[in-house]
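Reader: I am new to this structure and would like to understand how its descriptions are arrived at. Could you take me through the reasoning step by step?

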Amino acid sequence: MDLFEAIYKRRDIRHFKKDPVEPTKLIKILDAAHHAGSVGFMQPWKFIVIESLATKTKVHESFLKCNQEAQANYTGERQQLYQRLKLEGILEAPLNLAVTCQHSVESGEPVLGKQSMPEMDVFSTCCAIQNLWLAARAEGLGLGWVSILDPTLIKEVLNIPHEVSLVGYFCLGYPEKFDSEPLLQKVGWRHRLPLREVVFRETWAQGGLD
C-alpha cells in the first residue's frame, strides 16, 4: 500500500477481531511513529502499550461515564443517533496505546523553535500519531482514537507523571472490516468539506482553488 492509498483508506476503527498483533508489526508501526518530524528534534512522545484486561477495564469505565455525560449535549434524533454509535473498542482490541507528550527535553535546555509557539511539542506528538495511524493501515491493522475519557483519571491509571500530557488513547488490532467511508460520514453525522472550502490564497478567506 502506497502513502496516498493509506491516507485515503485510513479509518477510525471500533470493531476488532480477537487475533493478536504480531510483535514485529507492533514494533514496525511504533518505529514509524518515532520517525515523525518534531520541532527542534525534540521527540516529545512516549508510547504506552497496554494489554492488561484490568487496565483496559478501568479505562473503559471512564469512557462509559464520560460518554453518558456527552450524550446530554444532544437532543432528539441527534441524541438517538449518538446512542447508536459505537465510539470505542477498548475491551475488544488486543492492544491499547496511550501516546503522551513530554514538554521539556531531559537536558533542560530550551527547545529550538518552541519559544514563540510552546504548543509545538503537542503538535509534534500529533505528527507521530499520524505516522502511527498510516503505518497501521498499511500493515492491515486498525487504529481507533478514543477521546471520550477523563485524561486526569487515565494518567493516574497509567502512572503518567504530572508534567507529562496525555495526547491520545487508542485501540489497536485487526479490524472486522475497513469501511469504504468514515463512519460519521456513512451515518450522516458529518460530511467531508469540499477542498475548495478549506484552501485560501494569500490571506484568510481570500480566493481559493480555481
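**Positive phi angles and two helices**

Author: This is a predicted model, and a place to begin is Ala 205, which is found in the segment after α7. Its phi is near 65°, a positive value in a residue other than glycine.

Reader: What makes Ala 205 partly exposed?

Author: The relative accessible area of Ala 205 is 46%, and partly exposed covers what falls between under 20%, which is buried, and over 50%, which is exposed; Ala 205 is therefore called partly exposed.

Reader: And why does Glu 202 count as exposed?

Author: Glu 202, which also has its place in the segment after α7, has a relative accessibility of 84%, and exposed means over 50%, so Glu 202 counts as exposed. Glu 202 is not a glycine, yet it has a positive phi of about 70°.

Reader: How do you know that the span of helix α2 agrees with its number of residues?

Author: Helix α2 runs over residues 23-34, and at 1.5 Å a residue its 12 residues should span 16 Å; the C-alpha atoms at its ends are 16 Å apart, so the two values agree.

Reader: Which residues of α2 are buried, and what puts them on the same side?

Author: Leu 26, Ile 29, Leu 30 and Ala 33 are the buried residues of α2. They cover an arc of only 100° around the axis, and therefore they lie on the same side of α2. On the other side of the helix, Thr 24 and Ile 27 are exposed. The buried residues of α2 pack against β1, β2, α5 and β4.

Reader: How do α2 and α5 meet?

Author: Their axes come within 7 Å and cross at roughly 145°, and the crossing in which α2 passes α5 is right-handed. The contact is made by Ile 29, Leu 30, Ala 32 and Ala 33 of α2, together with Ala 128, Asn 131, Leu 132, Ala 135 and Ala 136 of α5. By kind, the residues of this contact divide into 8 nonpolar, 1 polar and no charged.

Reader: How do you know that the span of α5 agrees with expectation?

Author: At 1.5 Å a residue, the 19 residues of α5 should span 27 Å, and its end C-alpha atoms are 27 Å apart, so the span agrees. The buried residues of α5, among them Met 120, Ile 129 and Trp 133, pack against α1, α2, β1, β2, β3 and β4. Just after α5, Gly 140 takes a positive phi of about 80°.

How values were computed: Residues are numbered from 1 along each chain as its sequence is written. This is a predicted model: local features need pLDDT of at least 70, side-chain atom pairs count only at pLDDT 80 or more; totals for chains, interfaces and linings use all residues. Side-chain values use heavy atoms; hydrogens and water are left out. Helices (H or I, at least four residues) and strands (E, at least two) are DSSP runs, numbered from the N terminus. The expected span of a helix is 1.5 Å times one less than its number of residues. Buried means under 20% relative accessible area, exposed over 50%, partly exposed in between (1.4 Å probe, protein chains only). The arc is that of the directions from the helix axis to the C-beta atoms. Contact means heavy atoms within 4.5 Å. Axes are lines fitted to C-alpha atoms, for helices over the stretch in contact, and angles run from 0 to 180 degrees between N-to-C directions. A crossing is left-handed if the near helix is turned anticlockwise from the far one by less than a right angle, and right-handed if clockwise. Ala, Val, Leu, Ile, Met, Phe, Trp, Tyr, Cys and Pro count as nonpolar, Asp, Glu, Lys and Arg as charged, and the others, Gly among them, as polar.
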